[in-house]
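Please open the model in your viewer and set it to a cartoon display, with side chains ready to be switched on. The tour below goes from one selection to the next and says what is found at each stop.

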Amino acid sequence: LGVTPPAEPRAGAFDRAVEFSTNETTVTRTVSVGFGSIQSGVDAAVEDDTDTVEVAAGTYKERNEIEADVQGLTIRGVGGTPTVQSPRNADTALEVNADGVTVENIEFEGDGSGTAVEIDADDTELLGVDARELGVGIEETSGTNTIRGSTVVGSGTGIVLDGDGGTAVEFVRIVGSADRGLVIRADDVDVFGATILGSTLGVDVREATGTVIEACTVRRNDIA
């Protein structure tokens, strides 16, 4: 029994119950439906409809950068944590360029170069986003956003905040950055409950006013 994936905001393979009837008898079968790449799920989402792209557990080898360009979109890993490997044809794995996007429970894995997530929008939420072995884990270039419960391990630079100011960074963990753990270039950033370990420079705040760093652990860095 073959099933054609419907145009839904999904990515990866999901089990689906399918009913068919013959001679007044209804039979239900469960089949695996392949929805393809994460980008295909984003492309199926509807603007301003708060659609959710459910990403099944597994490894995703996207050819190009994933563009989260649908306002109000949520991209969420379900049934485990899916892993997105660095795309072959781009420097950034996921670019958020629409307002109100949420990315949750996704892991990004690189080869020491490129960026896991670039935020070029407002009201973005990164929740439980992990980045490993990249040039930059998370980079904010505009907007006021929230990064919570995320982890960056083994990257050149962990998290860079250079947006419009007022971003909240809560309960993140940055480990083993070859250069800098947390870089703050925007005003009025609030950092709470962060752990920054084993970087060359733990926290770099420059040309930014109103920064609050509270209840954080910064240790085993060459310079705190």
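What follows is a walk through a predicted model, from strands to side-chain pairs.

**Stop 1: the nine-strand sheet**

Begin by colouring the strands of the open sheet, whose nine members follow the order E1-E4-E7-E10-E13-E16-E19-E22-E25 with parallel pairing. Then select residues 10-11 and residues 212-214, which are strands E1 and E25; these stand at the edges with a single partner strand each, so one side of each is left without a neighbour in the sheet. As background, strands of a sheet pair through backbone hydrogen bonds, in either a parallel or an antiparallel sense.

Within this order, select residues 146-148 and 168-170 to see strand E16 and strand E19, which run parallel and are joined by three bridges. If Thr146 is labelled, the residue to look for opposite Thr146 in E19 is Ala168.

**Stop 2: strand E9 and its partners**

Next, select residues 92-96, which make up strand E9, a mostly covered strand in which five of the five residues are buried. Adding residues 66-68 brings in strand E6, which runs parallel to E9 and is joined to it by three bridges, with Leu94 in E9 as the bridge partner of Ile66. Adding residues 115-120 brings in strand E12, which pairs with E9 in the parallel sense over four bridges, and here Val96 stands opposite Ile119.

**Stop 3: salt bridges between strands**

Now switch on the charged side chains; how many salt bridges does a search of the whole structure find? The search finds eight, and three of the pairs are visited here, starting with Glu54 and Arg10, whose side chains meet at 3.7 Å, N to O. Because Glu54 lies in strand E4 (residues 52-56) and Arg10 in strand E1, this pair ties together parts that are 44 residues apart in sequence. Glu54 counts as partly exposed, at 27% relative accessibility.

Move on to Glu104 and Arg76, which form a salt bridge with their closest N and O atoms 3.1 Å apart. Glu104 belongs to strand E10 (residues 102-104) and Arg76 to strand E7 (residues 74-78), so the parts tied together by this pair are 28 residues apart in sequence. Glu104 is partly exposed, with a relative accessible area of 25%, and Arg76 is also partly exposed, with a relative accessible area of 31%.

Then select Arg180 and Asp204, whose side chains meet in a salt bridge of 3.2 Å, N to O. Since Arg180 lies in strand E21 (residues 180-184) and Asp204 in strand E24 (residues 201-205), the pair ties together parts that are 24 residues apart in sequence. Are these two residues buried or partly exposed? Arg180 counts as partly exposed at 23% relative accessibility, whereas Asp204 counts as buried at 6%. Extending the selection to Asp179, Arg185 and Arg206 shows the wider setting, in which salt bridges that share partners join these residues with Arg180 and Asp204 into one network.

**Stop 4: Ser142**

Finish at Ser142, which lies in strand E15 (residues 136-142) and counts as buried at 16% relative accessibility. Which side chain shares a polar contact with that of Ser142? The partner is Asp120, and the contact is 2.8 Å. Leaving aside residues up to four places away in sequence, Ser142 touches Ile119, Asp120, Ala121, Asp162, Gly163 and Asp164. Ile119 has already been met on this tour, as the residue of E12 opposite Val96.

Key:
Residues are numbered from 1 along each chain as its sequence is written. This is a predicted model: local features need pLDDT of at least 70, side-chain atom pairs count only at pLDDT 80 or more; totals for chains, interfaces and linings use all residues. Side-chain values use heavy atoms; hydrogens and water are left out. Two strands pair if DSSP finds at least two bridges between them. Helices (H or I, at least four residues) and strands (E, at least two) are DSSP runs, numbered from the N terminus. Buried means under 20% relative accessible area, exposed over 50%, partly exposed in between (1.4 Å probe, protein chains only). A salt bridge is a side-chain nitrogen of Lys or Arg within 4 Å of a carboxyl oxygen of Asp or Glu. A polar contact is a pair of N or O atoms within 3.5 Å; within protein, one must be able to donate a hydrogen and the other to accept it, and residues adjacent in sequence count only if both atoms are side-chain atoms. Contact means heavy atoms within 4.5 Å.
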